[in-house]
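Subject: Structure for your review

Dear colleague,

Please find below the structure I agreed to pass on to you. My notes on it follow.

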Amino acid sequence: MATAVPPAASRIAVVTGASSGIGAATARRLAEAGYRVVLTARRKDRIEALAEEITTAGHAATAYPLDVTDRAAVDEFATAFKTVGVLVNNAGGALGADPVATGDPDQWRTMYETNVLGTLNLTQALLPKLDASGDGTVVVVSSTAGHATYEGGAGYVAAKHGAHVLAETLRLEIVGRPVRVIEIAPGMVRTDEFALTRFGGDAEKAAKVYQGVADPLTADDVADTIAWAVTRPPHVNIDLLVVRPRAQASNTKVHREL
């Protein structure tokens, strides 16, 4: 089935965490689908390079450096728009893999602030703009960690459960308004930075996450899923879409060819 062309009033798509991985891939896919994408992230050089790449390909993109945990900066960012068609809350990430007994509270706090409060900040600031479009979509990129737990992951699991509940509750609260709420929950995705960041730059530990897994998901796989959900007809809401590689049956059961 061909994807629907977004109406003119809904052509702006804001993507957070667009400097790499799923965020960057999603920005490319939405630009290809006809949206004017606004790329946000803290790394100015990364999003500016991506915006140039997208515009060189014949699409429309703007880079806007932004820390989603800085509410004043987020509110200022929102004043730039009269309407927004799509908000992709992708900024997030994991830090550490310690058990609850020895987990670092600062890492837990950072994960909560980015994954949950960052999503809250952007959603609150842009919800009136999404309403004004007459056909808005909020996407929350959570994780399968937001639906089941695993040992050594409690801090990240708690944050992603928070993101999941935020999306689920928002959908209840705004029913009847012209805004959809979509949650995309990826499983094992191999990107250049996710596991490396989680383990503080330890490349050996990061590599072990994917060891023996023939085909983890890629950022492009998840971006395709997000773009598909966003471009459904306006009356179709994909409440929750869980996407995993075939080799992963759950957060704790993964087929490895060792």
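**Helix packing**

In this predicted model, Arg 71, Val 74, Asp 75, Phe 77 and Ala 78 of helix α3 are in contact with Asn 121, Leu 122, Gln 124, Ala 125, Leu 126 and Lys 129 of helix α4. Sorted by class, the residues of this contact are 6 nonpolar, 2 polar and 3 charged.

Two packed helices are described by the angle between their axes and the distance between the axes. For α3 (residues 71–78) and α4 (residues 105–133), the axes come within 9 Å and cross at roughly 20 degrees. Angles under 35 degrees count as roughly parallel, and α3 and α4 are therefore roughly parallel to each other. Their crossing is right-handed.

**Nonpolar cores**

In soluble globular proteins, nonpolar side chains tend to be buried together. In the present model, the largest nonpolar core has 36 residues, of which Leu 30, Val 37, Leu 39, Ile 184 and Ile 226 touch the most other members. Helix α8 (residues 219–230) supplies the largest share of this core, with 7 residues.

Leu 30 merits a separate entry. Not counting residues up to four places away in sequence, Leu 30 touches Ala 13, Val 15, Tyr 35, Val 37, Val 88, Ala 227 and Val 230. Another core, of 25 residues, lies apart from the largest one, and its members include Ile 12, Val 68, Phe 77 and Leu 87. Phe 77 of this second core is also one of the α3 residues that meet α4.

**Two individual residues**

Is Asn 90, in the loop between β4 (86–89) and α4, buried or exposed? The cut-off for buried is under 20% relative accessible area; Asn 90 has 13% and is therefore buried. Beyond residues up to four places away in sequence, the contacts of Asn 90 are Thr 16, Gly 17, Ile 22, Gly 23 and Val 141.

Leu 240 belongs to strand β7 (residues 240–243). With a relative accessible area of 40%, Leu 240 is partly exposed. Its contacts, leaving aside neighbours within four places in sequence, are His 147, Glu 183 and Ala 185. From Leu 240 to Ala 13 there are 227 residues in sequence and 20 Å in space, C-alpha to C-alpha. Ala 13 is also among the residues that Leu 30 touches.

Yours sincerely

Notes:
Residues are numbered from 1 along each chain as its sequence is written. This is a predicted model: local features need pLDDT of at least 70, side-chain atom pairs count only at pLDDT 80 or more; totals for chains, interfaces and linings use all residues. Side-chain values use heavy atoms; hydrogens and water are left out. Axes are lines fitted to C-alpha atoms, for helices over the stretch in contact, and angles run from 0 to 180 degrees between N-to-C directions. Helices (H or I, at least four residues) and strands (E, at least two) are DSSP runs, numbered from the N terminus. Angles under 35 degrees count as roughly parallel, over 145 as roughly antiparallel, 65 to 115 as roughly perpendicular and the rest as oblique. A crossing is left-handed if the near helix is turned anticlockwise from the far one by less than a right angle, and right-handed if clockwise. Contact means heavy atoms within 4.5 Å. Ala, Val, Leu, Ile, Met, Phe, Trp, Tyr, Cys and Pro count as nonpolar, Asp, Glu, Lys and Arg as charged, and the others, Gly among them, as polar. A nonpolar core is a set of buried Ala, Val, Leu, Ile, Met, Phe, Trp, Tyr and Cys residues joined through side-chain atoms within 4.5 Å. Buried means under 20% relative accessible area, exposed over 50%, partly exposed in between (1.4 Å probe, protein chains only).
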